[in-house]
Amino acid sequence: VQTDVPGQRMVIVLAASPRADGNSMLMAQAAAEGVREAGHAADVAWLPDHIDAHLGDCRSCRRPDGRCSISDGYEALLRDRVAAADGVVFATPLHWYGPSGRLKTFIDRLHCHTSPAHPDHARIKPGLMHRRHGLLISAEESFQGALPLILAFKELARYLHCELAGYVVGSGNTRGEVVRDPSDPLERSRELGRELFTRRVADLRTDTVRPHEVWPREAAAGG
Ligand SMILES: Cc1cc2nc3c(=O)[nH]c(=O)nc-3n(C[C@H](O)[C@H](O)[C@H](O)COP(=O)(O)O)c2cc1C
């Protein structure tokens with residue numbers, strides 16, 4: 001993806017809470033700051049601005065030209081901002097041990113636009129593949145409640161030939177409370193944004209050709 005600055009990459013941060021000023025939005029903004037600190041461009045989209053309806057039954061609601069008949073901002077968001085980005089950071093509250101409804105709908109509706117029946121599918125699909133992903137979760141409970149969601153996003157990344165570069169879970173319930181989480185989820189979100197393209201992601205198979213050591217040794221002094 002080309003921005004005006006050579007070497008600069010574009011990251012879209014999808015903020016998925018119904019609350020525009022909630023905990024996951026703070027984490028989303030922190031990640032966007034981190035992306036910019038690394039010299040890349042970041043764009044934050046709040047899903048309720050773009051998504052009004054769930055996935056329908058494509059067989060009955062796909063238009064004769066193959067396009068989706070749901071007339072909200074989803075298609076423009078997907079085509080112009082998500083499929084045009086090099087990295088995607090998903091920021092969601094934990095809702096009933098899963099993503100927010102808007103984020104689930106964002107993912108469900110990929111189906112309509114990546115189906116061969118959609119006239120743009122051959123452009124949209126490659127725009128979703130071979131990208132770096134990050135995941136930010138705000139939750140009232142501690143870490144374990146978010147595990148199924150983290151694993152679901154790991155699978156989503158695998159399915160899309162993407163890499164999940166990392167995740168951050170922040171604890172909080174009332175708006176903005178995540179700033180008081182001693183594990184500092186905002187700093188960890190910023191760090192994930194900064195390192196989105198540089199973090200080591202190892203997803204090995206038994207026949208993956210690789211050195212035995214994970215980290216390169218520093219060159220010996222004077223050598
Ligand atoms: C509908 C709903 C379901 C929730 N389900 C869970 C849950 O399963 N586990 C949990 O730890 N917190 C749950 N919470 C609490 C939120 O995850 C928590 O308040 C979070 O910080 C909200 O993030 P936000 O401010 O970005 O919306 C739920 C909140 C709502 C409104």
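**Exercise 1. Identify the polar contact between Glu-141 and the ligand, then place the ligand in the predicted model.**

Step 1. A backbone N or O atom of Glu-141 lies 2.7 Å from an oxygen atom of the ligand. A polar contact is a pair of N or O atoms within 3.5 Å; within protein, one must be able to donate a hydrogen and the other to accept it, and residues adjacent in sequence count only if both atoms are side-chain atoms.

Step 2. Ser-138 places a polar side-chain atom 2.9 Å from an oxygen atom of the ligand. For Trp-96, a polar backbone atom is 2.9 Å from a nitrogen atom of the ligand.

Step 3. The ligand taken alone exposes 640 Å², and 80% of that is buried by the protein (Shrake-Rupley method, 1.4 Å probe).

Step 4. The model is predicted: local features need pLDDT of at least 70, side-chain atom pairs count only at pLDDT 80 or more, and totals for chains, interfaces and linings use all residues. Residues are numbered from 1 along each chain as its sequence is written, and side-chain values use heavy atoms, with hydrogens and water left out.

**Exercise 2. State which pocket holds the ligand and what its lining is made of.**

Step 1. The ligand sits in the largest pocket (more than half of its atoms lie within 2 Å of the grid points). On a 1 Å grid over the protein atoms alone, a pocket is an open set with protein on both sides within 12 Å along at least five of seven lines, a cavity is a set of points where a 1.4 Å probe fits but cannot get out, and lining residues have an atom within 4 Å of a point.

Step 2. The largest pocket holds about 330 Å³ of space (the space filled by probe spheres set on the points, which are joined across faces, edges and corners). Among its 16 lining residues, Leu-94, His-95, Ala-139, Glu-140 and Asn-173 are the closest to its centre.

Step 3. H1 and S4 give two or more residues to this lining (DSSP runs, numbered from the N terminus: helices H or I, at least four residues; strands E, at least two). By class, the lining has 5 nonpolar, 8 polar and 3 charged residues (Ala, Val, Leu, Ile, Met, Phe, Trp, Tyr, Cys and Pro count as nonpolar, Asp, Glu, Lys and Arg as charged, the others, Gly among them, as polar).

**Exercise 3. Describe the second largest pocket.**

Step 1. Its volume is about 250 Å³.

Step 2. H5 contributes the largest share of the lining, 3 residues. The lining of the second largest pocket comprises 7 nonpolar, 3 polar and 2 charged residues.
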